[in-house]
Amino acid sequence: MKRLPAMLTAAVMTVMCAANVCAVNRPAMTDISAKAAVLIEASTRTVIWGKCEGQRLPMASTTKIMTTILTLESGDLDTEFVVDSEAVKTEGSSMGLREGDIVSKRDLCIGMLLPSGNDAANCAAVRVGGSLESFADMMNAKAAKLGLSSTHFVTPSGLHHDNHYSTAKDMALLAAYALKNPDFREICSSKSMKLTFGDPPYDRWLTNTNKLLSRYEGCIGVKTGFTDEAGRCLVSAAERNGITLVCVTLNAPDDWNDHEKLLNYGFSVTEKTELGGKSYSVNTAGGDKDSISLVTSRSITLPKINGKSPDVTFSAAIPQRVYAPVSKGEELGTLRVMCGSRIIDEIPLISSEELFQISGYGYKPSLYDRTVDYFKKLIFR
């Protein structure tokens, strides 16, 4: 029995040593080569680490994050067309387009995010905006809508212009937004993709310039960039254990190592915390119960950073009443998890029980009527 305190002490020391092995020191400013850098948690946009993150700097081809997301959001991604004969004539990196080539918008998005094609960016801009100038207006309007207050676009490709600039933080916010788009996420996380285009079309492979996809566990993108004026620029994102981090470096001679250091630190101070679920009561019509319970279809999870969870509120969109019959597990509403004014998660609300229709009930609305009634009487709680 006298050995027990010693054994407990040894066990505690073992746990402490294991924790120290997993801990990562906070990078010092001098540890990061970038002129400006930032690391954020993607869902809440919380800044975990920053260095001159609000300084306006050229951002080179990371510009193509904006060009790509605008192209994807314009729709009609797979209709083929002939590229604009002037748009393909541009300097710098290329996906290999030539006058007369036949492509789709999706092809151009792949050409922008993988080999960083300036030709793809110009062709996408003309196709979506009608001209390079009009597309730049669209880029700036989108930036304003997203709250990127220190960003201004002039070119769709990121080729240097004195009035073309952003900040590390604005680019991180843009990347976090873009990653919500499934097409964007799929493309930027791909090491290579096969396309068929040309005149006549033929198969070719395009390779991603982002080495972190191979070097860093959990990397899911996003975009590289370089010009003489901007230096090496990199926007990356990685996901581990349900946490997504976005890292940005501008003018970083040692960008790959910068990102690995910052991402390692970020994952060492973040974790996912479970809040459980929520339930709401909704009135019924024509059923064997006066009300039924709607519950979240999965547990609510939040990121915890440096041991602190974000302040969140909940807003449930549910109908004022539901009509029988209702199946158990039927989706009938949505729970929004809000961090300030930002929606950080949306979870379906489903029926926790079955609602049977009363025999002889006089009014049985059609599916169309029920759907219209659902949206007309949708309320937030």
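1. Lining of the second largest pocket. β7 gives the most to this lining, with four residues. The model is a predicted one, and the pocket in question has a volume of about 250 Å³. β7 (219-227), β8 (231-240) and α9 (255-268) each supply at least two lining residues. In total, 19 residues line this pocket. Ser61, Ser116, Gly225, Phe226 and Thr227 lie nearest its centre. Of these, Gly225, Phe226 and Thr227 fall within the range of β7, 219-227. By class, the lining has five nonpolar, eleven polar and three charged residues.

2. Largest pocket. Its volume is about 490 Å³. The lining counts 20 residues, and Glu41, Ala42, Ser43, Thr244 and Ile344 are the closest to the centre. Three strands give two or more residues each: β9 (243-250), β13 (300-305) and β17 (342-351). Thr244 falls within the range of β9, and Ile344 within that of β17. The class split is eight nonpolar, four polar and eight charged. Set that beside the second largest pocket, where eleven residues are polar and three are charged.

3. Cavity. The structure holds one cavity of 30 Å³ or more. About 30 Å³ of space lies in the largest cavity, so treat its volume with the cut-off of 30 Å³ in view. The lining is made by Pro58, Met59, Ala60, Gly158, His160, His161, His164, Thr227 and Ala230. Four of these residues are nonpolar, five are polar and none is charged. Thr227 appears again here: it lines the largest cavity and also lies among the residues nearest the centre of the second largest pocket.

4. α2 against α4. Helix α2 (residues 64-73) and helix α4 (residues 118-129) pack at about 40 degrees, with axes 10 Å apart. Why are the two helices called oblique? The angle of about 40 degrees lies outside the class of angles under 35 degrees, which counts as roughly parallel, so α2 and α4 are oblique to each other. α2 passes α4 in a left-handed crossing. From α2, the contact uses Lys64, Thr67, Leu70 and Thr71. From α4, the partners are Asn118, Ala121, Ala124 and Val128. By class, the contact has four nonpolar, three polar and one charged residues.

5. α2 against α6. The axes of α2 and helix α6 (residues 168-178) come within 10 Å and cross at roughly 30 degrees. Angles under 35 degrees count as roughly parallel, and α2 and α6 are therefore roughly parallel to each other. Their crossing is left-handed. Ile65, Met66, Ile69 and Glu73 of α2 meet Met171, Leu174, Ala175, Tyr177 and Ala178 of α6. The class split is eight nonpolar, no polar and one charged. On the α4 side of the comparison, the contact with α2 includes three polar residues.

6. α3 against α4. Helix α3 (residues 105-113) and α4 have axes that come within 8 Å and cross at roughly 145 degrees. α3 passes α4 in a left-handed crossing. On the α3 side, the contact residues are Lys105, Leu108, Gly111 and Met112. On the α4 side, they are Ala120, Ala121, Cys123, Ala124, Arg127 and Val128. Seven residues of this contact are nonpolar, one is polar and two are charged. Ala121, Ala124 and Val128 of α4 meet α3, and these residues of α4 also take part in the contact with α2.

7. Cis peptide bonds. Most peptide bonds are trans. Where do cis bonds occur here, before proline 200 and before proline 325? A cis bond joins aspartate 199 and proline 200, with omega about 0 degrees. Proline 200 sits in the loop between β5 (192-198) and β6 (201-207). Another cis bond joins alanine 324 and proline 325, again with omega about 0 degrees. Proline 325 belongs to the loop between β15 (321-323) and β16 (331-339).

8. Positive phi. Most residues other than glycine have a negative phi. Cysteine 52 is not a glycine, yet its phi is positive, at about 50 degrees. Cysteine 52 lies in the loop between β2 (47-51) and α2. That is the α2 which packs against α4 and α6.

Key: Residues are numbered from 1 along each chain as its sequence is written. This is a predicted model: local features need pLDDT of at least 70, side-chain atom pairs count only at pLDDT 80 or more; totals for chains, interfaces and linings use all residues. Side-chain values use heavy atoms; hydrogens and water are left out. On a 1 Å grid over the protein atoms alone, a cavity is a set of points where a 1.4 Å probe fits but cannot get out, and a pocket is an open set with protein on both sides within 12 Å along at least five of seven lines; lining residues have an atom within 4 Å of a point. Ala, Val, Leu, Ile, Met, Phe, Trp, Tyr, Cys and Pro count as nonpolar, Asp, Glu, Lys and Arg as charged, and the others, Gly among them, as polar. Axes are lines fitted to C-alpha atoms, for helices over the stretch in contact, and angles run from 0 to 180 degrees between N-to-C directions. Angles under 35 degrees count as roughly parallel, over 145 as roughly antiparallel, 65 to 115 as roughly perpendicular and the rest as oblique. A crossing is left-handed if the near helix is turned anticlockwise from the far one by less than a right angle, and right-handed if clockwise. Contact means heavy atoms within 4.5 Å.
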